[in-house]
Protein chains: 2
Amino acid sequence: MRALTPKGAATRQRIVEGAAKLIRDHGPANVGLDDIRAATATSKSQLFHYFPDGKADMLLAVAAHEAELVLEEQQPYLSDLTSWAQWEAWRDRVIARYAAQRRRCPLSALTAQLGLADPAVEKIITGMYTRWQRYVADGVRAVRPDADAERVATQLIGAIAGGATMLVATDDIRYLEIGLTEAIENLRRGAPGP
Amino acid sequence: MRALTPKGAATRQRIVEGAAKLIRDHGPANVGLDDIRAATATSKSQLFHYFPDGKADMLLAVAAHEAELVLEEQQPYLSDLTSWAQWEAWRDRVIARYAAQRRRCPLSALTAQLGLADPAVEKIITGMYTRWQRYVADGVRAVRPDADAERVATQLIGAIAGGATMLVATDDIRYLEIGLTEAIENLRRGAPGP
DNA sequence: TTCAAAGTGGACTGTGCAGTCCAAAATGCC
DNA sequence: GGCATTTTGGACTGCACAGTCCACTTTGAA
């Protein structure tokens, strides 16, 4: 297992990305190893070579990959929420991203189906949310030093999660638009102090 | 097919409730017909007698049952949000319910895994959300005739959905507490007019 | 009481799919 | 160039589990 030649690393990467796309499109329950094999032009033995513990192992890598992507796609705004203009740019980015992917939400799928089952996946998801919330809280402190930053950040992450959940459930983007917009507007008007 | 004797109706009901509980506890992916058979003291033939189209048919009935329960458990407050006291009682009820069930959220499981796949399940879920939102919007009109009731209701439902999603993902009730409390507080302070 | 329909028990089947195995080919280090 | 290690191909195995089948029992209406 130690030592991954460049070729091997590339294959592994191809598997993770291919699997991630399949899962996003069809849901984890409807994607088998044979689908992944076909989509990534690999063989059964390769799948188990790079992920010795099988499917669970692979889903772990997929979850880590997707979680990373979620944060990356919010950059550079997320790590620089130092003005209202940046806040609005961030909001627009988030909304645009969800509007584009519509129901194909990587986190909803992985969270609901695997979060409870596998503690390792759960750790990845919660770690991602923690980082996300820290970025947001930093932003709150930058524009509203008087506010309870953690509380506001909790509210904002919750609003996004709710918007995403409702988007998956009803294919309606307005829950996200309204929830996020109102939460930011509320902060702007003057947030609850500590 | 029509014509269900009292005994038959009771068996059917037992199956639905037993299956619902199993799915809540272990997630739809980890519950097989044999589990349901064992938990409800029935036989394979009974399962297919009452749900001729098999598992999908059964999950449909389970989804309808769970959706109904979600609304029922918010009564009598939900349909009478005519004072701030009622609003707070409703909020407390919602939070208490989720705090009690913790990660065993019937909707998260069904929504994420089946919502996208089966249009009939989706119809049940969206119908439930529509009714829910109508109740809330009626409540908004009762206490804040000047507000954009639909917009506020969208925000509130989104906040609850987000709280529930984060509860499942992180086992932390605060997203729901804070999200719902802030949204109501925001409405109370004076909501966005039309 | 009778008998048709509703309800029940549980063995059996078929298949989809995760995971195994072994042998061959490519790669990299000395 | 030669040998160990990594990478790859794909056939094979085993099982979990949805769905089938048929024989038997109970129910209820006339």
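## Contacts with DNA strand D

In this predicted model, a phosphate oxygen of DNA strand D lies 3.0 Å from a backbone N or O atom of B:K55, a polar contact in the sense of a pair of N or O atoms within 3.5 Å. Another backbone contact is made by B:L33, where a polar backbone atom is 2.7 Å from a phosphate oxygen of the strand, while A:H49 uses an N or O atom of its side chain, 3.0 Å from a phosphate oxygen.

## The surface around the strand

Of the 20 residues around DNA strand D, those that come nearest are A:S45, A:Q46, A:Y50, B:L33 and B:K44, where a residue is near if one of its heavy atoms lies within 4 Å of the strand. Helix 3 of chain A gives the largest share of this surface, 5 residues; helices here are DSSP runs of H or I with at least four residues, numbered from the N terminus.

Of the strand atoms within 4 Å of the protein, 53% belong to sugar or phosphate and the rest to bases.

## Helix 8 of chain A

Helix 8 of chain A (residues 149-170) is largely enclosed by the rest of the structure, because 20 of its 22 residues are buried, that is, under 20% relative accessible area with a 1.4 Å probe and protein chains only. After helix 8 comes A:D171, with a positive phi near 60°.

## Basis of the values

Residues are numbered from 1 along each chain as its sequence is written, and chains are lettered from A in the order in which they are written. Local features need pLDDT of at least 70 and side-chain atom pairs 80 or more, whereas totals for chains, interfaces and linings use all residues, and side-chain values use heavy atoms, without hydrogens and water.

Terms used:
Buried < 20%, exposed > 50% of the residue type's maximum accessible area, 1.4 Å probe, protein only. Helix = DSSP H or I, 4+ residues; strand = E, 2+ residues; numbered from the N terminus. Polar contact = N/O pair within 3.5 Å; in protein donor to acceptor, adjacent residues only side chain to side chain.
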